[in-house]
Amino acid sequence: MRTHTTTLIATALVLGVAAASPAGPASAGPPAASATRTPTVSGSATDDGPDTGQLAAALQGLPDDDATAALVRTSWAQGRENWRGSAGVRDTTTGRQAVPDARFRAGSTTKAVTAALVLQLASEGRIDLDGHVQTYLPGLLDERFEPITVRHLLTYTSGLQPGSSLGPEDGEGYANRFCTMTPAEVVAGSVRKGPYRGDGEGPGRKQRYGNIDYTVLGLLVEKVTGDSYAHQAQQRILRPAGMRHSSFPTGPDPRVHGPHHRGYQKLSDGRVVDATEWNMTDRRAAGDLISTTEDLEKFLFALFRGELVPKALLKKEMFTLPKAENATMSAGLQRVDVGGGLVVWCKTGARPGYSTMVAATEDLSRTLVYSVNSVEAKAEEPNPVVERIQRAALSG
């Protein structure tokens, strides 16, 4: 899992996933049939929120070499004021206009859902956050591993190394996109490597963002509940939050069902390919969610209002950073000071063809959700469209 730093307003936003790089090859641009479209916007505005003119300008010119479409929802004044925008095309073959209710792969924003699910189970006494992985999942880790708590997994401080993969998304991973790798196989690859070794290593000491901790959490949820992760997330998080258009793929199903935009990926050889269909079985609790911007906005409001996780537990685990080296992330969220007294808690996600972000102040005085169809969603360099949206929505 690669990381990069994106400039947000005048500060550094250290993201756990990558957005697209600013320059693509000549072949990355859409064909002539995909004419640039004027963004479709709606909502209300006051002087207390972001500059809505700047928000509209952030979506101008799509599709371009960086992205084929973008969907944005932002609100302020605890949701009483809002702005919605969409731009670009559903696909580069027909040039059909982007639709505001399009479904997309939400990537690692899934981790915020998983964190809320685990904390809900903890609030019911079914999971002890100080309990050990070795107790809940006996035999998963061998004697080389020190005791790892559930809280260590939630805060990326377990000391586990990355697990197995099917290869990078811009190369071997694309060739293997219809193959199946189970979460258990992903974790087995991590176990074979053993824990991180060296001075200052060990559970709770260093924060390293990656999928492996949340992959293990998915296995833990299934063991504790005797049910599938997807069904538990649907019943405990998606349905209570009113996320009617969100779901998890059924097994190895590579499709995005319902209205959606095609996702495109630039390969290492310079080709730009359609990457919409992709088997995500290896991601599950770490990045398998399919959603909409409206549904993710509903999730933000339900979560931050304490409707999914009791407020005291929410404050302690999701709005507090762990005491670990380089910690910027809590349980499922990242703390970012964007300047001007504005601090947001956010989570990004990236799957081939799709870059996503959910962000909000703790009091919901400002929220942002976007989905950008980035041509290089996993690249280390920031995508200009993403940067413009962040800057416009989280300033003013």
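This is a short talk on the aromatic pairs, the strands and the nonpolar cores of one predicted model.

Okay, some housekeeping. It's a predicted model, so local features need pLDDT of at least 70 and side-chain atom pairs count only at pLDDT 80 or more, while totals for chains, interfaces and linings use all residues. Residues are numbered from 1 along each chain as its sequence is written, and side-chain values use heavy atoms, with hydrogens and water left out.

The overview, then. We have 11 helices and 13 strands; those are DSSP runs numbered from the N terminus, H or I of at least four residues for helices and E of at least two for strands. The protein has 396 residues, and 59% of them count as buried, where buried means under 20% relative accessible area, exposed means over 50%, and partly exposed is in between, with a 1.4 Å probe and protein chains only. Now contacts, meaning heavy atoms within 4.5 Å: among those between residues at least 6 apart in sequence, 72% join residues at least 24 apart.

On to the rings. A pair of aromatic rings is described by the distance of the centres and the angle of the planes. Here, rings of Phe, Tyr and Trp (its six-membered ring) pair if their centres lie within 6.5 Å; planes under 30 degrees apart are stacked, over 60 edge-to-face, and the rest tilted. The structure has six such pairs. Take Tyr-156 and Tyr-214: centres 5.1 Å apart, planes at 25 degrees, so that's a stacked pair. Tyr-156 is in the loop between helix 4 (150–154) and helix 5 (172–175), and Tyr-214 is in helix 7 (residues 212–225), so to speak a link between distant parts of the chain, 58 residues apart. Both rings belong to buried residues: Tyr-156 has a relative accessible area of 1%, and Tyr-214 has 0%. Add Tyr-209, and Tyr-156, Tyr-209 and Tyr-214 make one aromatic cluster.

The other pair I want to show is Phe-319 with Trp-345. Their centres are 5.6 Å apart and the planes sit at 55 degrees, so this one is tilted. Phe-319 comes from the loop between helix 10 (311–317) and strand 10 (334–339), and Trp-345 from strand 11 (residues 342–351), 26 residues apart. Phe-319 and Trp-345 are both buried.

Two arginines also sit over rings, by the rule that NZ of Lys or CZ of Arg is within 6 Å of the ring centre and within 35 degrees of the ring normal. Arg-177 lies over the face of Tyr-174, 3.9 Å from the ring centre, and the charged end of Arg-208 is over Tyr-196, 3.8 Å from its centre.

Next, where does Trp-345 lead us in strand 12? Trp-345 stands opposite Ala-360. Strands 11 and 12 pair antiparallel over seven bridges (two strands pair if DSSP finds at least two bridges between them). They form a hairpin with two residues between them, and Gly-353 in the turn has a positive phi of about 90 degrees.

Strand 12 (residues 354–360) has seven of its seven residues buried, so it's largely enclosed by the rest of the structure. In a regular strand the side chains alternate between the two faces of the sheet. In strand 12, Tyr-354, Thr-356, Val-358 and Ala-360 point one way, with Ser-355, Met-357 and Ala-359 pointing the other.

Keep going and six bridges join strand 12 to strand 13 (residues 366–374), again antiparallel. Five residues lie between them in the hairpin, and Leu-364 in the turn has a positive phi of about 65 degrees. Val-358 stands opposite Val-369. Strand 13 has nine of nine residues buried, so it too is largely enclosed. It also pairs antiparallel with strand 4 (residues 67–76) over eight bridges, where Arg-73 has Val-369 as its bridge partner.

Last, the cores: sets of buried Ala, Val, Leu, Ile, Met, Phe, Trp, Tyr and Cys residues joined through side-chain atoms within 4.5 Å. Which members of the largest core, with its 68 residues, touch the most others? Leu-129, Val-150, Leu-154, Leu-303 and Phe-304. Helix 2 (residues 110–123) gives the most to this core, nine residues. A second, separate core of 27 residues includes Leu-368 and Ala-393. And Phe-304 brings us back to the tilted pair: its contacts include Phe-319, Trp-345 and Ala-360.

Terms used:
Lists of a residue's contacts leave out its neighbours within four places in sequence.
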